[in-house]
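Biologist: Could you pick one small part of this model and walk me through it slowly? I'm new to this, and plain words would help.

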Amino acid sequence: MQSSVPETAGNKHASDRNTLLAIAQILRKYNLKNTEELLKREANLTDVGSTEDTSQTDSEVSSVLSAYKSEGDPEVYVGAYTELKRFVEGALDIYKHELGMILYPVFVHMYLELVYNGHEEQAIQLMERFGPDQEEYYQADLKRLSHVTKKDHMKGNELTDTFKSSEFIIRMSRDTLSILKRHLQEKKHSVVLNIIQEHLYFDMYEGVARNKQQIEATAGAVVGEATRQDNKAKVYYGLLKEPDIQYLPVEEEEDGEGDGTDKPKKKKAKKDPLFSKKTKSDPNAPPIDRIPLPDLKDADKLEKVKALREASKRMTLSPDTLPSVCFYTLLNSAGVVTSAEVSEDSSLLAVGFTDSIIKIWTLVPQKLRAMKSAEQLQDIDREADDVLVRMMDDRSAETCRTLHGHNGPVYRVAFSPDRTLLLSCSEDTTVRLWSLQTWTCLVCYKGHIFPVWDVRFAPHGYYFATAGHDKTARLWATDQHQPLRIFAGHFSDVDCVQFHPNNNYVATGSSDRTVRLWDCVTGNHVRLMTGHKAPIYSLCFSVEGRFLASAGADSRVLLWDLAHGHLVAELTGHKGPIHCLAFSRDGHILTSGSQDCSVKLWDFSRLAEEMVLEDVNISHNPDIKKSDSYLLRSYGTKNSALLHLHFTRRNVLLAVGIYEGS
Amino acid sequence: MTEADMLYGTSLSLESIKVIAESVGVGNLPDEAAKQLADDVSYRLKQIVQDAAKFMHHAKRMKLSTSDIDHALKVKNIEPLYGFSAHDNIPFRFASGGGRELHFIEEKELDLNDLINTPLPKLPLDVSLRAHWLCIDGVQPTIPENPPPVSKEQQKLESIDPVTKLNKTAKEKGEAAGKPTTGKMHKLRNVETVHVKQLATHELSVEQQLYYKEITEACVGSDEARRAEALQSLASDPGLHEMLPRMCTFIAEGVKVNVVQNNLALLIYLMRMVKALLDNQSLYLEKYLHELIPSVATCIVSKQLCMRPELDNHWALRDFASRLMAQICKNFNTSTNNVQTRVTRMFSQALRDEKMQLASLYGAIEGLSELGTEVVKVFILPRVKHVADRIENATEGPILSNIDKIAAGHIKHLLVKVLSPLLKTLRQPPDYVEEYRNEFGYLGPALHTAVLKARAQPANPAASAVGTTNATATATPAPPTIAAPTPRGLPSQTGIVQTGSSQPGSGRTIMMGGAGAPRPVVGSSNASKYVIVTSRPTTPSQALQPSPVPTSNSSTVVKFVTASQPVATQKIVQATASNQQMTKLVVVCMANSGSSTCTTQAVTNAGSNLGVKSVFVTQQQVKIESGTEEQ
């Protein structure tokens, strides 16, 4: 309905009427008779008769829904864009870069309008002429767009659907916006004006216009930046108060409640100002009953005690005391292995294969045992202390076991915190839960209708999250065959998912180049973080829960402050897609592993110190730290792409890689 | 192709669509329809490939596979293409003709029977897990599982341009993790403030010094198990490059000393060290050839290598060293350093020397024979008669020396072994003992029987290798009576024809493919091209001793010029020039360093000044080589 001529009142009326007709049509189509009646009565639409030809109304519908209908002269687009570009380039330096942000979305929508209206040649011409001018990080999308040259192509194309259905968000200072408005009013260039009105959303803020670096840092997502509203909700990023454990391993460990199995806190950490917040009094922690958590079993408590004892022997890492790295090479695995995961206590390694199997190795002398048969189990004294040991069959001990069941490449495996369960997700759209005692499949969760890329257990068990090609992430409980929550909002594949250490939030990274944080309780997205320039493959929360590290195909590690959703640091140095991230157990060091066959160690404690010093609030974006001085070390592997990184409780880094052959 | 083309380019051509349409039975597809189809199909294909890329990324691969495409099709609810699976690349073949260029996949028709009858392929290796320390407390150990701390390319760069090493700041050095010497950062910071004195410091860490000591001791010690371990370490450890200069010096010095002392065992141990270093994939050895080649050469041709030549098996050492030399030539020969040419010349000169000790003669022949059939044909074959004469003298002559007799026996055996496969292909089947006797003198009958025997075994691998040589390019061995030094007709312009000297015996025209000549030259172990251009006039008074060890032979200056002694070289040249017996010193410099020398050959030329009279005549061009520089 965007006619290019200034609309007269009559025109407007007609268009309104058409819209209503279209709505009525839809209602009829879906058999919503009552609603249709109501609408008709309200709008005095008496003439919507059944006499109307359905095909005609169908086209009517599509014309209303199509945002690109335009009778505009295809030749004016090049001129309009050139003029807009000239205006941007001619603007004052302080506004120039912010104004420049509108060029890409305007360009894209111009192209789509041309394609939609069948002006293929002009569209290609426009793309060839101005496409290469756009920012580097948009080129991949432009390439995909340039394949769309016909109206038919637009149907079902993920990218064009995204552009069509959502507004491109641009954050702009008040001054810049007023300059832009004035310009548009002066020029009355209907093409540009329409596009900006229909498809662009300006999130205005008070203050000075941003400079080029600031803009580039958060640009790159498919649908622009995050609005302020997106990141306004409060996030309880603090850690949960752990239930007290009776056993105190060492005297000094008085407040031994630590952080439980997943991230045991260490007294050493408290020396650091950043980590000084005790979990007990953490004002940012969510209420303990915010999300129901499973009760601790006796075995879990024993496990926690063990973890704490181990943690007390932990080496505290710093730039002067770097960790040791033990590298597990998967030989003969090039092109066969898709994923690997080490259990929390570093005793098991699970590997997913392209040929649908999962293999589990033990990394400790203890072999993998299966449970005894039912008859044998009956003979066991159930009151015995070592009942858990007795029920396992020693004769079945093996160092490597294979799980069969999936029907496609296994893209991720995840251990439950107590190591008795394993989750796996696959191309066959299912998620499977395996028992590591009977070594059989327990449950097959069918909810995703497309390949599932990632699955993660919650740090306290019971819950797990999945992410997949269907653009959703889902929250599940192991005892429910349906998802508890569906997190929908990403515009492309959700490539990775990660639980917050306090179990209340789930972070997702997507091919639409955004990172989102979802509230498990409400199902809403509470943070939207933009700045990646390529799909995101890995996420990791910092130990104290405040920061989130993300990395992906753009070979950079980005650090986000969850308090306000700001990008705080950008760590560059890798030369290939990054597939794994890990924080050391004491939270001092961040490690990243990439397909460029290197592991890099970053000085996170220094980074965190510097970040804390800064006065940060919701509107004030902190400076993004870019210096590569945070890089402590880089260790090359011998032609082995990194698959997984894991810190043991004693802070030895375990790395798993695929040997690609020499 | 410009960037814009890359960006917005490719789609299927109309022709392709039409060809595909024809293949499914649609005869005359109108252009319009073909265009529409081409556009749409291209678009759909791109969509599928884009989706497939997602599967590739999630499988942590960098290469798109057929299964990715299948998965992408599945996601789009399209039936996958069954049966198109390939683990590796599917090679695209290219064909052009009739103004059309085609890329296609070769699909061979397979006979089902063949498929069924072929033995099952080997099972793929199972995925296995192997753990090692990538780093220990922040320091990367230099073990074979880790990448070498300094890559071979980097070593090469540093050897060519040492400035690059200097330009690296101390910080970068620290970040090049795993340098055992730089475990502590504060040490580095000190270095930063200190001003750099030398281009490249060769400081070894304590660990490295210990390692060096252990390795060298083990290599020459008496414990065989330890030695095996040490050699294994030398052959596989990636972090040795810093110690390499010392290792090479150790070997060179060791050979010098032990040759004089005739300590055969130690020489063998040192050669095994050379072998181990050659086998190490992470080392850039080119810089140190000037030390290694003379040492190895010494072990091949030295007159005496052991205390009791009549009892000890120094022949094995000569054989082993010859193989090493062949390996060096194979690995390091380039058009600039001409290692093989020079080595070949050295041996052939020794072979041509009438006064040469039989043991050295054996070494020379063995050294040449390891360099391939072509070398054997050109350099050994013409000399067989002379060698045969000497053997005859030694074995049946009046003065019977036991040592010479044994040596003669070995030479005989060696020649028979080397020449029989060659003669088998060069000569036509009717073999007559008399012909052989005429041609090869004393060795005739032995060669005759060997050739007959070789012919009896048809599938001889050596023979087949020889069979591939271009038999027509080189004439069958000319009868030794031909004295005319006229160049024969050459099939290739680039070949260098060398006119032989005035000596009737060897006055045969030898023609060889020049460097890079298109003529296929097949060597058993060395497939590279080479030029062998030596046919120096040999006079009775000339003595040649390519041994780098001072011996009692008065007419030979045996001196090895190493990199550290360029001045000494000059002195020798002057000293010998003033001598009554004119000595020619050939100083051959390695390409990579101006002051280092590779091989030093001392040639005494009675009556001639410095420099060698040798004229090389090509058919078209005349090439005159001065003695010191090889082309």
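**A proline and what surrounds it**

Modeller: Let's start with B:Pro309, which touches B:Gln304, B:His314 and B:Ile403 once residues up to four places away in sequence are set aside. Keep in mind that this is a predicted model. You'll find B:Pro309 in the loop that runs between α14 (289–301) and α15 (314–332) of chain B. Is this proline buried or exposed? B:Pro309 counts as buried because its relative accessibility is 13%, and the cut-off for buried is under 20%. Now look across to B:Ile406: the two residues are 97 apart in sequence, yet their C-alpha atoms are 9.0 Å apart in space.

From there, let's move to helix α20 of chain B, which spans residues 402–426. To see what this helix does, we need the nonpolar cores. The largest one has 90 residues, and B:Leu234 and B:Leu419 have the most contacts inside it. Helix α20 of chain B gives the most to this core, with 11 residues. Take B:Leu234 as an example: leaving out neighbours within four places in sequence, its contacts include B:Tyr211, B:Ile215, B:Met247, B:Met273 and B:Leu277. A second core, separate from that one, has 52 residues, among them A:Phe87, A:Val108, A:Val148 and A:Ala209. As background, nonpolar side chains in soluble globular proteins tend to be buried together.

Helix α20 also turns up in the next bit of the picture. Along with α19 (384–396) and α22 (444–456) of chain B, α20 is part of what covers the buried residues of α21(B). Which residues of α21 (433–440) are those? They are B:Tyr436, B:Glu439 and B:Phe440. These three sit on the same side of α21(B), because they cover an arc of only 75 degrees around its axis. Here's the handy rule: an α-helix has 3.6 residues a turn, so residues three or four places apart point the same way. On the face turned away from the buried side, α21(B) carries the exposed residues B:Glu434 and B:Asn438. Right after the helix comes B:Gly441, with a positive phi near 60 degrees.

Now for charged pairs, some of which link the chains. Side chains of opposite charge can pair when their charged atoms come close. Over all chains, a search of the structure finds 47 salt bridges. One of them joins B:Asp39 to A:Lys150, with the closest N and O atoms 3.1 Å apart. This pair joins two chains, because B:Asp39 is in helix α3 (31–58) of chain B while A:Lys150 is in the loop between α8 (139–146) and α9 (151–154) of chain A. Both partners are buried.

Another salt bridge brings together the side chains of B:Lys54 and A:Asp493, at 2.6 Å from N to O. This one crosses between chains too, from helix α3 of chain B to the loop between β17 (485–488) and β18 (494–499) of chain A. B:Lys54 is buried, at 14% relative accessible area, and A:Asp493 counts as buried at 0%.

Chain A has a pair of its own: A:Arg556 and A:Asp554 meet in a salt bridge at 3.3 Å, N to O. A:Arg556 is buried, with 11% relative accessible area, and A:Asp554 is buried with 14%. Going back to B:Lys54 and A:Asp493, shared partners join them with A:Asp141, A:Arg144, A:Glu158 and A:Arg513 into one network of salt bridges.

Notes: Residues numbered from 1 in each chain as written. Chains lettered and ligands numbered in written order. Predicted model: local features only at pLDDT ≥ 70, side-chain atom pairs only at ≥ 80, totals over all residues. Heavy atoms only, no water. Core = buried A, V, L, I, M, F, W, Y, C linked by side-chain atoms within 4.5 Å. Buried < 20%, exposed > 50% of the residue type's maximum accessible area, 1.4 Å probe, protein only. Helix = DSSP H or I, 4+ residues; strand = E, 2+ residues; numbered from the N terminus. Contact = heavy atoms within 4.5 Å. Arc of directions from axis to C-beta. Salt bridge = Lys/Arg side-chain N within 4 Å of Asp/Glu carboxyl O.
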